[in-house]
Amino acid sequence: MITFLTLLLAAAVIFALAFVAARRRAAGRRQQAVSNVLDAADALEARLRTARAEIEAVAGDRQNPVRDAMQEMLRQRLWLQQHGGQASLQELHTVRDSIEQASRRIDHQLVQIERARAPLH
């Protein structure tokens with residue numbers, strides 16, 4: 001009888017340890033996803049600050065991709081602040097992808113500006 005109780009207790013302890021380890025891994029993945037969103041937002045913000053004058057000089061007020069991208073980044077930061085604690089990994093990945101798309105749009109605008117400024121051969 002003592003052996004059975006000892007085995008049962010050992011199994012319960014092993015199960016509890018496995019459960020705790022699984023929760024820690026999930027929390028680590030989630031924290032990494034939040035960190036990735038913040039890193040993407042920081043990178044976009046730095047890129048926007050660098051490119052702002054150049055893009056606005058060409059685009060003017062009629063089409064302002066810098067302002068649009070900055071607003072997108074701020075929306076995503078606000079969303080993360082309000083919902084990041086309960087967000088699923090998929091939602092966090094979607095937000096990061098949205099920020100990265102805004103960054104690619106800015107990069108595309110910069111390439112177009114560079115091409116427009118290049119002398120014709």
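**Note on a predicted three-helix model**

1. Arg 96 and Glu 100 sit four residues apart in helix H3 (residues 89-117), so about one helical turn separates them. Helices here are DSSP runs of H or I with at least four residues, strands are runs of E with at least two, and both are numbered from the N terminus. The model is a predicted one, in which local features need pLDDT of at least 70 and side-chain atom pairs count only at pLDDT 80 or more, while totals for chains, interfaces and linings use all residues. Residues are numbered from 1 along each chain as its sequence is written, and side-chain values use heavy atoms, with hydrogens and water left out.

2. Arg 96 and Glu 100 form a salt bridge, with their closest N and O atoms 3.7 Å apart; the term stands for a side-chain nitrogen of Lys or Arg within 4 Å of a carboxyl oxygen of Asp or Glu. Glu 100 is partly exposed at 31% relative accessibility, whereas Arg 96 is buried at 18%. Buried means under 20% relative accessible area, exposed means over 50%, and partly exposed covers what lies in between, with a 1.4 Å probe and protein chains only. Arg 96 also meets Asp 97 in a salt bridge of 3.3 Å, N to O, and Asp 97 is partly exposed, with a relative accessible area of 32%.

3. By the same distance rule, the count of salt bridges comes to six. Another of them joins the side chains of Arg 77 and Asp 42 at 2.5 Å, N to O. Because Arg 77 lies in helix H2 and Asp 42 in helix H1 (residues 2-59), this pair ties together parts that are 35 residues apart in sequence. Both partners are partly exposed, Arg 77 with a relative accessible area of 25% and Asp 42 at 40% relative accessibility. In general, side chains of opposite charge can pair when their charged atoms come close.

4. Helix H2 (residues 65-83) has 19 residues and reaches 26 Å from its first C-alpha to its last, close to the 27 Å expected, where the expected span is 1.5 Å times one less than the number of residues. Its buried residues are Pro 65, Val 66, Ala 69, Met 70, Glu 72, Met 73, Gln 76 and Leu 80. They lie on the same side of H2, because they cover an arc of only 160° around the axis, the arc being that of the directions from the helix axis to the C-beta atoms.

5. Helix H3 agrees with its expected span too, since its 29 residues should cover 42 Å and its end C-alpha atoms are 42 Å apart. Its buried residues include Leu 92, Val 95, Ile 99, Ile 106 and Leu 110, and also Ser 98, Ser 103 and Gln 109.

6. As for the whole protein, the secondary structure comes to three helices and zero strands, and the elements run α-α-α from the N terminus on. The C-alpha trace spans about 90 × 35 × 20 Å along its principal axes. The radius of gyration is 24 Å, but a compact globule of 121 residues would have one near 14 Å; this value is taken over C-alpha atoms, and the globule rule is 2.2 Å times the number of residues to the power 0.38. Of the 121 residues, 26% count as buried. Among contacts (heavy atoms within 4.5 Å) with a separation of 6 or more, 73% are between residues 24 or more positions apart.
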